[in-house]
Amino acid sequence: WIGKEAVLKFSSLKLVKTAGGKKTGFRRLVAGVLRFAVLVLLTLAILRPQTGTGEEKSTKHVIDMMIALDISGSMATLDFPPDNRLTAAKLEAKKFIEARKNDRIGLVIFAGQSFTQCPLTVDHKAIQTLIDQVQIGMVEDGTAIGLGLGNAVNRLRNSEAKSKVIVLLTDGVNNAGEIDPATAADLAKQYSIRVYTIGVGKEGFAFMPVKDPAFGMRLLKVETQIDEKLLSDIARKTGGRYFRAEEQQSLRTIFREIDSLEKTEITVEKFMHYEEHYFWFLWPALFILLIEIAWSNLLF
């Protein structure tokens, strides 16, 4: 044995290397994948994913409005081609009403007397139909401006609307009725009602159809007489404005201007409702974690 290296004999490790190496590597790989999946899902859960649904609540401060329309005989004057003053006024009033989608609107007509053709309503189709039915001769002739204005004020005095408005349209001078126009204007002011007055008719003379007992229907030349001072005073006293319309286009422009002056206020409040979705990731994470624990400690 002198001069020879010591030799230790042992059995081969080949069997040990192949006995469980592949199974151990596979087990660790699966466990690692499961743990990584748990980590990703928990991270997503902590981020608290949400979905939001919006909701809007609108508060409309509507305007209550009465139109006081003169239907005296002079409204048949043919100075608003292709028809008369009343036809033009009805057409533009209907367009005005159609544009006021949120407001309550009513109609008062007057000549020698006055009555309510339509009370305040949000049914604009109904009031437009009633305007179509308005014609000269429905009440005794005359121009009771004070009575027409007073009737409109009476329809608005108990209104709780934030804004109350009267649009008064006439082509003449007050010559009938028991209520003085100045008194009616004072009542409108007392109830915080703004009055916009419109004088209808061209300056000078125009033709008006009249029934003659002897010759039937004929054209009579008449002079336009509008009490512009009275209409201006009514508007000024109540915080409104006076307008003069000498043809249909100017009448259309006046109604558009009144529409722009009296805007309905709409307040919109937005609300968001959020729904949590973190549990979509939390519960799968816990489930996979249990699988990983069982895989690592029970199955092996």
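What is the volume of the largest pocket?

## The largest pocket

The largest pocket has a volume of about 180 Å³. Its lining counts 17 residues, and Ser74, Asp171, Gly172, Glu223 and Gln225 are the closest to its centre. By class, the lining holds three nonpolar, 10 polar and four charged residues.

A pocket here is an open set of points on a 1 Å grid over the protein atoms alone, where a 1.4 Å probe fits, with protein on both sides within 12 Å along at least five of seven lines; lining residues have an atom within 4 Å of a point. Its volume is the space filled by probe spheres set on the points, which are joined across faces, edges and corners. Ala, Val, Leu, Ile, Met, Phe, Trp, Tyr, Cys and Pro count as nonpolar, Asp, Glu, Lys and Arg as charged, and the others, Gly among them, as polar.

## About the model

This is a predicted model: local features need pLDDT of at least 70, side-chain atom pairs count only at pLDDT 80 or more, and totals for chains, interfaces and linings use all residues. Residues are numbered from 1 along each chain as its sequence is written, and side-chain values use heavy atoms, with hydrogens and water left out.

## Salt bridges between helices and loops

Side chains of opposite charge can pair when their charged atoms come close. A salt bridge is a side-chain nitrogen of Lys or Arg within 4 Å of a carboxyl oxygen of Asp or Glu. The whole structure has 14 salt bridges.

One of them joins the side chains of Asp259 and Arg100, at 2.7 Å from N to O. Asp259 sits in helix H8 (residues 248-261) and Arg100 in the loop between helix H3 (85-99) and strand S3 (104-110), so the pair ties together parts that are 159 residues apart in sequence. Helices (H or I, at least four residues) and strands (E, at least two) are DSSP runs, numbered from the N terminus. Both Asp259 and Arg100 are buried. Buried means under 20% relative accessible area, exposed over 50%, and partly exposed in between (1.4 Å probe, protein chains only).

## Pairs that involve helix H7

Lys237 and Asp186 also meet through their side chains in a salt bridge, at 3.0 Å from N to O. Lys237 belongs to helix H7 (residues 228-238) and Asp186 to helix H6 (residues 181-190), so this pair ties together parts 51 residues apart in sequence. Lys237 is partly exposed at 28% relative accessibility. Asp186 is partly exposed too, at 40%.

Asp233 forms a salt bridge with Arg236, and their closest N and O atoms are 3.3 Å apart. The two are three residues apart in helix H7, so about one helical turn separates them. Asp233 is partly exposed at 24% relative accessibility, while Arg236 is exposed at 60%.

## The network around Arg85

Which residues are linked with Arg85 in a network of salt bridges? They are Asp79 and Asp171. Asp171 also appears among the residues closest to the centre of the largest pocket.

Arg85 is in helix H3. Its relative accessible area is 3%, so Arg85 is buried. The C-alpha atoms of Arg85 and Gly201 are separated by 7.2 Å, with their positions 116 residues apart along the chain.

## A nonpolar patch and the loop after H2

Phe36, Leu39, Val40, Leu44 and Leu47 make a nonpolar surface patch of about 490 Å². Patches use residues with over 30% relative accessible area and no salt bridge: like charges are joined within 9 Å, nonpolar side chains (Val, Leu, Ile, Met, Phe, Trp, Tyr) within 5 Å. Accessible areas come from the Shrake-Rupley method with a 1.4 Å probe; for residues, only the protein chains shown count as cover.

Leu47 is in the loop between helix H2 (21-46) and strand S1 (50-61). Leu47 is exposed, at 62% relative accessible area. Pro49 is found in the loop between H2 and S1, and is partly exposed at 26%. Pro49 and Phe281 are 232 residues apart in sequence, yet 9.5 Å apart in space, C-alpha to C-alpha.

## Unusual backbone and a buried loop residue

Most residues other than glycine have a negative phi, and most peptide bonds are trans. Pro81 and Pro82 are joined by a cis peptide bond, with omega about 10°. Ser192 has a positive phi, near 55°. Ser192 lies in the loop between H6 and strand S6 (193-200) and is exposed at 55%.

Thr143 is in the loop between helix H4 (124-132) and helix H5 (145-156). Thr143 is buried, at 6% relative accessible area.
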